[in-house]
Amino acid sequence: MERVLPLGPGGDRVHATAVHDLASDATIPDATATAPPDAVVLFAATFVLRDTVRPHWDVSIFLDADPDAATERGVARDAAALGGDGAAREAYASRYAAACRLYLEEQDPRSAASIVVEHTDPGRPRLLRIA
C-alpha cells in the first residue's frame with residue numbers, strides 16, 4: 001500500500017508503476033513516476049479489496065470470472081514469463097488458484113466492491129451490481 005498512498009490527499013504523487021517481475025518473482029523497487037496534480041488513478045491488481053486496503057479506494061470494481069476461464073487467460077498471458085504453458089499451469093494450480101480461493105473466502109471482494117462485473121468472457125462483460 002505504501003506505493004499507492006502517495007496518490008491520496010496530501011501525498012507527493014510519486015507512485016510505483018510496477019511492483020513485481022513475474023519471470024523472476026522479484027520485487028521491482030525503483031519503477032516510479034509522478035502523477036499530475038489533477039490525475040484520476042485507475043489501479044488494477046489482484047487482491048486489492050482486502051480489508052486492510054479497502055479504505056484507500058474511492059470506488060472499486062470487482063471483475064467476477066469463472067475460475068477455469070480466468071486460469072486459461074492467465075496461462076495464455078503468463079506462459080512466456082513463467083517458462084511455458086506447463087509451468088504456467090502448474091503455477092496457477094499450486095500457487096495462484098489457492099491464493100485466490102482464500103481471498104474470495106476470507107475477504108469477500110464481491111460484497112466489498114462498489115461495482116461488480118461478470119467478466120468470464122471479456123468480450124461480453126455484464127454489469128451485476130452498482131452499490
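**Exercise 1. Read off the order of elements along the chain, from the N terminus on.**

Step 1. From the N terminus on, the elements run β-β-β-β-β-α-α-α-β-β. Helices (H or I, at least four residues) and strands (E, at least two) are DSSP runs, numbered from the N terminus.

Step 2. As a check, the chain has three helices and seven strands.

Step 3. Before going on, know your model: it is predicted, so local features need pLDDT of at least 70 and side-chain atom pairs count only at pLDDT 80 or more, while totals for chains, interfaces and linings use all residues. Residues are numbered from 1 along each chain as its sequence is written, and side-chain values use heavy atoms, with hydrogens and water left out.

Step 4. For the overall extent, the C-alpha trace spans about 45 × 35 × 30 Å along its principal axes.

**Exercise 2. Find what share of the chain is buried, and which residues make up the largest nonpolar core.**

Step 1. Of the 131 residues, 22% count as buried. Buried means under 20% relative accessible area, exposed over 50%, and partly exposed in between (1.4 Å probe, protein chains only).

Step 2. A nonpolar core is a set of buried Ala, Val, Leu, Ile, Met, Phe, Trp, Tyr and Cys residues joined through side-chain atoms within 4.5 Å. The largest one here has eight residues: Val 48, Leu 49, Val 53, Trp 57, Phe 62, Tyr 103, Ala 113 and Val 116.

Step 3. Now zoom in on Ala 113. Not counting residues up to four places away in sequence, Ala 113 touches Leu 49, Ser 60, Ile 61, Phe 62, Arg 129 and Ala 131. Contact means heavy atoms within 4.5 Å.

Step 4. Look next at Gln 107, which has its place in helix 2. Gln 107 is buried, at a relative accessible area of 16%. Leaving aside neighbours within four places in sequence, Gln 107 is in contact with Leu 49, Arg 50, Asp 51, Arg 54 and Leu 102.

**Exercise 3. Describe helix 1 from its N-terminal cap to the residue just after it.**

Step 1. Begin at the N-terminal end, which Asp 66 caps: one of its side-chain oxygens lies 3.0 Å from the backbone nitrogen of Asp 68.

Step 2. Compare length with span. Helix 1 covers residues 67-82, 16 residues, yet its end C-alpha atoms are only 19 Å apart, short of the 22 Å that a straight helix would reach at 1.5 Å a residue. The expected span is 1.5 Å times one less than the number of residues.

Step 3. Look for a bend. A kink of about 40° is centred on Ala 76; the bend at a residue is the angle between axes fitted to the seven residues ending there and the seven starting there.

Step 4. List the buried residues of helix 1: Ala 69, Gly 74, Val 75, Asp 78 and Ala 79. Helix 2 is included in what covers them.

Step 5. Just after helix 1, Gly 83 takes a positive phi of about 100°.

**Exercise 4. Which salt bridges does Arg form with Asp 25, Glu 72 and Asp 78, and how far apart are the atoms?**

Step 1. A salt bridge is a side-chain nitrogen of Lys or Arg within 4 Å of a carboxyl oxygen of Asp or Glu. The structure holds five salt bridges.

Step 2. Arg 95 meets Asp 25 at 3.2 Å, N to O. This pair links distant parts of the chain, 70 residues apart: Arg 95 is in helix 2, and Asp 25 is in the loop between strand 2 (20-21) and strand 3 (26-27).

Step 3. Arg 89 pairs with Glu 72, the closest N and O atoms being 2.8 Å apart. Arg 89 lies in helix 2 and Glu 72 in helix 1, so the bridge ties together parts that are 17 residues apart in sequence.

Step 4. Arg 77 pairs with Asp 78, with the closest N and O atoms 2.9 Å apart. Asp 78 is buried at 8% relative accessible area, whereas Arg 77 is exposed at 59%. Elsewhere, salt bridges that share partners join Glu 72, Asp 85 and Arg 89 into one network.

**Exercise 5. Where in the chain do Phe 47 and Asp 108 lie, given their positive phi?**

Step 1. Most residues other than glycine have a negative phi.

Step 2. Phe 47 has a phi near 70° and sits in the loop between strand 4 (32-34) and strand 5 (61-64).

Step 3. Asp 108 has a phi of about 45° and lies in the loop between helix 2 (85-107) and helix 3 (109-112).

Technical notes
A polar contact is a pair of N or O atoms within 3.5 Å; within protein, one must be able to donate a hydrogen and the other to accept it, and residues adjacent in sequence count only if both atoms are side-chain atoms.
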